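Let's take a walk through this structure together. Keep the viewer open, and turn the model as you read.

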Amino acid sequence: MAHDAKMLTGVMDASDDVIVTGPSIYVYEAPVRLWHWGNALCITILAVTGYFIGSPPPTMPGEASGSFLFGYIRFAHFAAGQVLAVAFLARILWAFWGNKYSRQIFYLPVWEKTWWRGVLREARWYLFLEKEPYKYIGHNPLAHTAMFAMFTLFNLGMIITGFALYSEGAGRDSWPAKLFGWVFDIWPNSQDVHTLHHLGMWVIVIFAIIHIYAAVREDIMSRQTMISTMISGERQFRDEREG
Amino acid sequence: MGSATETFYDVIRRQGITRRSFVKFCNLTAASLGLGPVAATEMARALETKPRIPVIWMHGLECTCCSESFIRSAHPLVKDVVLSMVSLDYDDTLMAAAGHQADEILQETREKYKGGYILAVEGNPPLNEDGMYCIDGGRPFVEKLREMAGDAMAVIAWGACASWGCVQAAKPNPTQAVPIDKVIRDKPIIKVPGCPPIAEVMTGVISYIVTFGKMPELDRQGRPKMFYSQRIHDKCYRRPHFDAGQFVESWDDDSARKGYCLYKVGCKGPTTYNACSTVRWNGGVSFPIQSGHGCIGCSEEGFWDKGSFYDRLTTIRQFGVEATADQIGLAAAGAVVAGVAVHTAATAVKRLTSKHDHHRRNEPHDQQ
């Protein structure tokens, strides 16, 4: 029967109804996904340990030789920070090898009118002024802006201030001091750098809240997959209409 | 004061020190600075042949705490520095001469040792109202400072005032006091910050210049590396308690009595570059942390304007509101969570009212 031919392009449920699914596109390649989840883990560790570095837990009992709690907290922070920095460098390298979606977060196409229209429309969608959002293979223009701001500009800022602060303990002749010592030309009192880096932690927390909310919401509301795309790399669309 | 042509060697011989002791001194100094045996000979030759360096010590807007600290130096004794090592030709606080006599010395030194004297500046110049907030000998201090710096070999900025501005440059800074490097731009400046700097650090910097005839190695902020390359925190004797996570929570708790780390009561040791935890004060007797009080970061830039002395994070003042980074961050995160909650509710309402049927998704949509 014609039934068999349809099997190739659709799925069948128990009642023998054949439903044609939308096309799926491979968007996020494995290195991009690995970076995303590695980053998520690092940032979680960094935010938690960073908070404790600013506001230490209650005093440990016993002799000082019997515990190294604050040392371990700081070690976890420094280790996660260095992994984050190396991952960021690797992610930049991948942008040269990867598909065009792997380059998206590193620049904003501000010279394209359609992109600006997309930002506006996406903003209207979040303000409940649009009936439905457009479909996008990569990031939608508003998300694209957020990713560029957070993971190119902000991430870099946290890495730079982080290594500058790390150089204080590593010593004036260490490589972090040589590479990032210029931060103290801008803010001679490192207390200011501590304060900025600490404020950055709250920016990350706020970003994480919005990011997770938007991903869950769009997974439900939009016309495409969101969360599973960052797991499998495949983006599926729920309809075949244009736009 | 024509004695400036005497060498260091001449002066100590006159004071009854033998040549044997002098050579010993050179060897010990070279060894303690980590230099080889050749350096000891070079040092001896330098001290025998080079005339003592004339030093002019000027006072701008300041409290004289740098001078008070300086005269208490124990290693070397300040009398040896002032009377033997350098030729302190002018210091209006310490010198016997006054008035026109004193002022004449400035001009005399400037002409006689053009490009060969050291200008040590305690305090800083106010620039507002053409410098009228600090008048010295009938003229604005800033004019005298520029004039004397013009012919100096090098400039030493004593203390937080000359280095960073200190209390008179704290907000709102009505006299517009500025650190001296904002006024002197064409001379090398050695910043020796602190409020006041440690006596031995001050005499140590002078000893280095006299001995080697050159500036000590400076860090990127212009401070001598030998005294300012590490934080109080890095050499603090309470550091093991920091690493162990043992903190003083309030001034009278058990941890305070046990001498735990003062990080949680706002010690600024981790952001302060100085030698207090190694050199200590008053001949090595103690330093603030040893007395149970956190470091207030007095040798750091703008230390009066960074909020409480008992907070580790700068107080942020915007829109007339004072808050710490944590208060701002928590408030913003709370606002975002509330925003997300409202947005979720609105989304749910929209979804329920528009009643989207899942099975119709693939069917052609009518006009949007």
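What follows goes from helix packing in chain A, to the contact between the chains, and then to the domains and annotated sites of chain B.

Please bear in mind that this is a predicted model. A good place to begin is helix α2 of chain A, residues 30-54, together with helix α8 of chain A, residues 190-221. Their axes come within 10 Å and cross at roughly 140 degrees. An angle counts as roughly antiparallel only when it is over 145 degrees, and α2(A) and α8(A) are therefore oblique to each other. The crossing of these two helices, α2(A) and α8(A), is left-handed. If you would like to select the residues involved, α2(A) brings I43(A), A47(A), G50(A), Y51(A) and G54(A), while α8(A) brings H198(A), M201(A), I204(A) and V205(A). Sorted by class, the residues of this contact between α2(A) and α8(A) are six nonpolar and three polar, with no charged ones.

Now move to another helix pair in chain A, α3(A) and α5(A). Here the axes lie 10 Å apart and the packing angle is about 135 degrees, so α3(A) and α5(A) are oblique to each other. The crossing of α3(A) past α5(A) is left-handed. On the α3(A) side you will find F78(A), G81(A), L84(A), A85(A) and F88(A), and these meet N155(A), I159(A), G162(A) and Y166(A) of α5(A). The contact of α3(A) with α5(A) has six nonpolar and three polar residues, and no charged residues.

With those helices in view, turn to where the chains meet. There, 41 residues of chain A are in contact with 45 residues of chain B. Which helices of chain A each supply at least two residues of the side that touches chain B? They are α3 (69-97), α5 (141-170), α7 (183-186) and α8. The largest share of that side, 16 residues, comes from α8(A). By class, the side of chain A that touches chain B holds 19 nonpolar, twelve polar and ten charged residues.

Crossing over to chain B, you will see a division into domain 1, residues 52-228, and domain 2, residues 233-311. Taken over C-alpha atoms, the centres of domain 1 and domain 2 of chain B are separated by 28 Å. Where these domains of chain B touch, 18 residues of domain 1 are in contact with 15 residues of domain 2. On the domain 1 side of that contact in chain B, α10 (199-212) and α11 (225-228) each supply at least two residues. The side of domain 1 of chain B that touches domain 2 has twelve nonpolar, two polar and four charged residues.

Finally, have a look at some cysteines in chain B. An unreviewed UniProt entry places the feature "binding site" at C63(B), C66(B), C161(B) and C195(B). They span 133 residues in sequence, but no two of their C-alpha atoms are more than 9.6 Å apart, so they gather at one spot. One of them, C63(B), is found in the loop between β1 (53-59) and α4 (65-70) of chain B. For "binding site", UniProt (unreviewed entry) also lists C276(B), C295(B) and C298(B). These are spread over 23 residues of sequence yet cluster in space, with a largest C-alpha distance of 11.0 Å. To find this group, start from C276(B), which lies in helix α14 of chain B, residues 276-279.

Methods
Residues are numbered from 1 along each chain as its sequence is written. Chains are lettered from A and ligands numbered from 1 in the order in which they are written. This is a predicted model: local features need pLDDT of at least 70, side-chain atom pairs count only at pLDDT 80 or more; totals for chains, interfaces and linings use all residues. Domain bounds come from an automatic or database domain assignment. Two residues are in contact if their C-beta atoms, placed from the backbone, lie within 7 Å. Helices (H or I, at least four residues) and strands (E, at least two) are DSSP runs, numbered from the N terminus. Ala, Val, Leu, Ile, Met, Phe, Trp, Tyr, Cys and Pro count as nonpolar, Asp, Glu, Lys and Arg as charged, and the others, Gly among them, as polar. Axes are lines fitted to C-alpha atoms, for helices over the stretch in contact, and angles run from 0 to 180 degrees between N-to-C directions. Angles under 35 degrees count as roughly parallel, over 145 as roughly antiparallel, 65 to 115 as roughly perpendicular and the rest as oblique. A crossing is left-handed if the near helix is turned anticlockwise from the far one by less than a right angle, and right-handed if clockwise. UniProt positions are given in the numbering used here, feature names are shortened, and annotations may be inferred rather than shown by experiment.
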